[in-house]
Amino acid sequence: GAQVLVTVRSESKHEACRRLGAEVVPPNHSEPVDVIVDCVGGSYLADNIRTLRPFGRLVIIGLLGGSKAEIDLVAVLRKRLKVVGSTLRSRPRTEHVEIVRAFRERFYGKLLDGTFEIPIDRTFPVTEAAAAHAFMAANQNTGKIILTIE
């Protein structure tokens, strides 16, 4: 039931996000929001803090825009914000197993029957892993990149 807003910079990504049910807004969107899930990090921090409404939550899941930023702690205190960081990479194996179990329990049936779809942008043979990585590093993909083993 949530209204999902996204900011993207290329027209092809606008259309991909719309197809998935999100509303595309400009990167300088100023209407307050309740939750921001941020995969960019550093360079977006000030805008994210400014855009959150009181009691808002910022969940940082990536650092594509860098790991360093200045933060206006007055705004965090005044708005009573929650800033949360999360990553899967550094978690212990037991947590990975639990996350996969919970995901499977909640979403696996929807993946199988097609009601929940994971967008796949492109597949590459594993022998072209460097090209796949370059494609992703250039921010060209609008879905998952799959490496195939033949």
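## Exercises on a predicted model

Cys17 counts as buried, at 18% relative accessibility (buried means under 20% relative accessible area, exposed over 50%, partly exposed in between, with a 1.4 Å probe and protein chains only). The model is predicted: local features need pLDDT of at least 70, side-chain atom pairs count only at pLDDT 80 or more, and totals for chains, interfaces and linings use all residues. Residues are numbered from 1 along each chain as its sequence is written, and side-chain values use heavy atoms, with hydrogens and water left out.

**Exercise 1.** Find how many disulfides the whole structure has, and explain the result for Cys17 and Cys39.

*Solution.*
1. A disulfide is a pair of cysteine sulfur atoms within 2.5 Å.
2. For Cys17, the closest cysteine sulfur is that of Cys39, at 10 Å, so the two are too far apart for a bond.
3. Cys39 is partly exposed, with a relative accessible area of 38%.
4. The search of the whole structure gives zero disulfides.

**Exercise 2.** Describe the sheet formed by E3, E4 and E5, and state which strands stand at its edges.

*Solution.*
1. Strands are DSSP runs (E, at least two residues), as are helices (H or I, at least four), and both are numbered from the N terminus. Two strands pair if DSSP finds at least two bridges between them.
2. The sheet is open, with its three strands in the order E3-E4-E5 and parallel pairing.
3. The edges are strand E3 (33-38) and strand E5 (82-85); each has a single partner strand, so one side of each is left without a neighbour in the sheet.
4. E3 is joined to strand E4 (residues 52-60) by five bridges, and these two strands run parallel. Val37 stands opposite Val59 in E4.
5. In general, strands of a sheet pair through backbone hydrogen bonds, either parallel or antiparallel.

**Exercise 3.** List the residues of the largest nonpolar core, and name the elements that give two or more residues to it.

*Solution.*
1. A nonpolar core is a set of buried Ala, Val, Leu, Ile, Met, Phe, Trp, Tyr and Cys residues joined through side-chain atoms within 4.5 Å.
2. The largest one has nine residues: Val33, Ile36, Leu45, Ile49, Leu52, Leu58, Ala75, Val76 and Leu81.
3. Two or more of these residues come from each of E3, helix H2 (45-51), E4 and helix H3 (73-79).
4. A second, separate core has five residues, among them Val6, Cys17, Ala22 and Val24.
5. Take Leu52 and leave aside its neighbours within four places in sequence: its contacts (heavy atoms within 4.5 Å) include Val33, Ile36, Leu58 and Leu81.

**Exercise 4.** Count the aromatic pairs and classify the one between Phe103 and Phe107.

*Solution.*
1. Rings of Phe, Tyr and Trp (its six-membered ring) pair if their centres lie within 6.5 Å; planes under 30 degrees apart count as stacked, over 60 as edge-to-face and the rest as tilted.
2. The count comes to three aromatic pairs.
3. Phe103 and Phe107 are 5.1 Å apart, centre to centre, with 45° between the planes, and the pair is tilted.
4. Both residues lie in helix H4 (residues 93-113), four residues apart, about one turn of the helix.
5. Phe103 is partly exposed at 34% relative accessible area, and Phe107 is partly exposed at 21%.
6. Ring pairs link Phe103, Phe107 and Phe116 into a cluster.
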